[in-house]
2 protein chains.
Amino acid sequence: MSHIAVIIDEWFEDSEYTEPVEAFKVAGHQVTHVGLEKGKTVRGKKKSTPVTVDVAAEKADPADYDALLIPGGYSPDKLRAHDAPVRFVRDFMESGKPVFSICHAPQILITADVLKGRRITGYKSIVQDIRNAGAHFENQEVVVDGNLISSRFPADLPAFIRASIAALV
Amino acid sequence: MSHIAVIIDEWFEDSEYTEPVEAFKVAGHQVTHVGLEKGKTVRGKKKSTPVTVDVAAEKADPADYDALLIPGGYSPDKLRAHDAPVRFVRDFMESGKPVFSICHAPQILITADVLKGRRITGYKSIVQDIRNAGAHFENQEVVVDGNLISSRFPADLPAFIRASIAALV
């Protein structure tokens, strides 16, 4: 069983959190929510799904986790305005452990400056940002480039979840 | 008196629309709302300020306006997922007429690929995107680079409005 960090703040895309996390739990994996402030409840932008932050990003250590899920929506934009979550994501990418990125999640990978030369997909509004960051954008339902697994939007969730589960030990 | 286009969609930052537009109107200028669909009512992300779109971006002609205001919030992210508003913004920048950009507004300028070598400011979450687009980010309340006038967030609104009004004929 794996221990998966989910980095999350307000206005995440509800299904991009609920569906992978449900699949991870059903498969016997453990999930911990990393955010800006321990104990804070954050909500999705559509259904107001409540999520309580378990660990503040500034206290989180990638060594404690086997994989990282970054849901989309406007959560990545909010997280990347702060140093600690950006550092956590950068350290996680550099660890080589699996990172699951969907929709607007590449935004925090861009701020962490970890996309040069990587193959990735993401939401259509951020394609130019992905390319300007030195990554190769691919318009596919799921792109697997080493440890980096990415999808575009909620309709890709089945493929995203299959690829993510397959990457867990 | 000038005719100002405001390009806008859902979840704009309320005050970055209401305060400049009020100032423009008090100064005797005319405002037209350009969006994704004529007649659609879009709302701000905080106070649900309703704004009705007057002209669809695909029908809008920069020649009809003297300046362009791009409010921030998540409106620029939503607009830049579509070709017509990106093209309208690109044509406007290339016309040399004043463009007023605040907060997340540089996102649509990035997708329009009009920032290479320009000096600009914007919200802290998008600094890396601005730099990756080839622009020079300046952490100032207002940056004036030729026709491009930019600010960071609502607290900069007084300086942003002063510089914008000064740029109108």
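**Figure 1. Radius of gyration and overall dimensions of chain A.** In this predicted model, chain A has a radius of gyration of 14 Å. A compact globule of 169 residues would have a value near 15 Å, so chain A agrees with that expectation. The C-alpha trace of chain A spans about 35 × 35 × 30 Å along its principal axes.

**Figure 2. Secondary structure, burial and contacts in chain A.** Chain A contains six helices and 11 strands. Of its 169 residues, 53% are buried. Contacts with a separation of 6 or more were also examined in chain A. Among these, 64% join residues 24 or more positions apart.

**Figure 3. Close-up of C103(A), in a loop of chain A.** The loop runs between β7 (99–102) and α4 (106–111) of chain A. C103(A) is not a glycine, yet its phi is positive, at about 65°. C103(A) has 30 C-beta neighbours inside 10 Å, so this residue counts as buried. The cut-off for a buried residue is 20 or more.

**Figure 4. Close-up of D113(B), in a loop of chain B.** Here the flanking elements are α4 (106–111) and β8 (119–120) of chain B. D113(B) also is a residue other than glycine with a positive phi, near 60°. Within 10 Å of D113(B) lie 14 other C-beta atoms, so D113(B) is partly exposed. That class falls between exposed, at 12 or fewer, and buried, at 20 or more.

Definitions and conventions. Residues are numbered from 1 along each chain as its sequence is written. Chains are lettered from A and ligands numbered from 1 in the order in which they are written. This is a predicted model: local features need pLDDT of at least 70, side-chain atom pairs count only at pLDDT 80 or more; totals for chains, interfaces and linings use all residues. Helices (H or I, at least four residues) and strands (E, at least two) are DSSP runs, numbered from the N terminus. The radius of gyration is taken over C-alpha atoms; the globule rule is 2.2 Å times the number of residues to the power 0.38. Two residues are in contact if their C-beta atoms, placed from the backbone, lie within 7 Å.
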